[in-house]
Amino acid sequence: MIESRPWDDPAGAALRAEQRAELDTRYGCDNHEPGAPPSASDIDVFLVATDLGGTRLVGCGALRRLDSTSAEVKRMYVVPHARGSGVATGLLRALESAAADRGWTTLRLETGTAQLDAQRFYQREGYCHIPLFGSYVGSDLSICYERELR
């Protein structure tokens, strides 16, 4: 089940903390994200996924508006035991639908050089590699993607 929640929802905060810990381990440091981290003041959509019973948290994702026609996917995360189950695809499609509902026609995102699984996922889901944008320009750890919504 995927539902919209406020950015400061405790369940969402717990998922984001898990994601942060995993990335800190992958990169061997805690400063692997260029630019300002997302916050309640700049996140337009925040989705949380739970298992079918609605009892276990399995993932999250957010959208931050970039301009009148585009938004950035932020904090896409699926807990390890739910990876490969379709949760990530469900979250991404729900984010794309939310973006389209807001009139946004382009989604962009940044992932990292140590996140080969994420790179493969976004490419499989129709996202194309683009030059680094915004605060990611000049980052040695960033890889950016974009998808035009139809």
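Is Tyr-27 buried or exposed? Tyr-27 is buried, because its relative accessible area is 16% and the cut-off for buried is under 20%. The model behind this briefing is predicted. Tyr-27 belongs to helix α1, and that helix is the place to begin. From there the briefing moves to Gln-19 and Arg-75, the largest pocket, helix α3, and two further residues, Glu-146 and Met-1.

**Helix α1**

- Helix α1 runs over residues 10-27, which makes 18 residues.
- From first C-alpha to last, α1 reaches 26 Å, close to the 26 Å expected at 1.5 Å a residue.
- At the start of α1, Asp-9 offers a side-chain oxygen that comes to within 3.0 Å of the backbone nitrogen of Ala-11.
- Eight names make up the buried set of α1: Ala-11, Gly-12, Leu-15, Arg-16, Gln-19, Glu-22, Leu-23 and Tyr-27.
- Seen down the axis of α1, these buried residues fall within an arc of 135°, so they line one face of the helix.
- An α-helix has 3.6 residues a turn, so residues three or four places apart point the same way.
- Pro-10 and Thr-25 are exposed, on the other side of α1.
- The cover over the buried residues of α1 includes four strands: β2 (45-50), β3 (57-65), β4 (70-78) and β5 (106-112).
- Gly-28 follows α1, and its phi is positive, near 70°.

**Tyr-27 and its surroundings**

- Which residues does Tyr-27 touch, not counting those up to four places away in sequence? They are His-32, Gly-112, Thr-113, Ala-114, Gln-115 and Leu-141.
- With Ala-114 there is a polar link: the side chain of Tyr-27 reaches the backbone nitrogen of Ala-114 at 3.2 Å.
- Gln-115 is 88 residues from Tyr-27 along the chain, yet their C-alpha atoms are separated by 9.4 Å.

**Gln-19 and Arg-75**

- Gln-19 is another residue of helix α1.
- Gln-19 counts as buried because its relative accessibility is 10%, against a cut-off of under 20%.
- Beyond four places in sequence, Gln-19 touches Arg-75, Met-76 and Tyr-77.
- Arg-75 sits in strand β4.
- Arg-75 also counts as buried, at 16% relative accessibility.
- The phi of Arg-75 is near 55°, a positive value in a residue other than glycine.

**The largest pocket**

- The largest pocket has a volume of about 840 Å³.
- How many residues line the largest pocket? The lining holds 37 residues.
- Nearest the centre of the pocket lie Met-76, Tyr-77, Gln-115, Ala-118 and Tyr-122.
- Five elements each give two or more residues to this lining: α1, β4, α2 (87-101), β5 and α3 (116-124).
- Some of these names appear elsewhere in the briefing. Met-76 and Tyr-77 are touched by Gln-19, and Gln-115 is touched by Tyr-27.

**Helix α3**

- Ala-118, Gln-119, Phe-121 and Tyr-122 are buried in α3.
- Viewed along the axis of α3, its buried residues fall within an arc of 165°, so they line one face of the helix.
- The face turned away from the buried side of α3 carries Arg-120 and Arg-124, both exposed.
- What do the buried residues of α3 pack against? They pack against β4, α2, β5 and β7.
- Gly-126 comes just after α3 and takes a positive phi of about 95°.

**Glu-146 in strand β7**

- Glu-146 lies in strand β7, which covers residues 142-148.
- The side chains of Glu-146 and Arg-108 are joined by a polar contact of 2.7 Å.
- Setting aside residues up to four places away in sequence, Glu-146 touches Thr-106, Leu-107, Arg-108, Gly-126, Tyr-127, Cys-128 and Ile-130.
- Gly-126, the residue just after α3, is thus one of the contacts of Glu-146.

**Met-1 at the chain start**

- Met-1 is placed in the segment before β1 (2-4).
- Where sequence is concerned, Met-1 and Ala-49 are 48 residues apart; in space, they are 5.5 Å apart, C-alpha to C-alpha.
- Met-1 is in contact with Val-48, Ala-49, Thr-50, Asp-51 and Gly-54, leaving aside neighbours within four places in sequence.

Key: Residues numbered from 1 in each chain as written. Predicted model: local features only at pLDDT ≥ 70, side-chain atom pairs only at ≥ 80, totals over all residues. Heavy atoms only, no water. Expected span 1.5 Å × (residues − 1). Buried < 20%, exposed > 50% of the residue type's maximum accessible area, 1.4 Å probe, protein only. Arc of directions from axis to C-beta. Contact = heavy atoms within 4.5 Å. Polar contact = N/O pair within 3.5 Å; in protein donor to acceptor, adjacent residues only side chain to side chain. 1 Å grid on protein atoms, 1.4 Å probe; cavity = no way out; pocket = protein on both sides within 12 Å on 5 of 7 lines; lining within 4 Å. Points joined across faces, edges and corners; volume = space filled by probe spheres on them.
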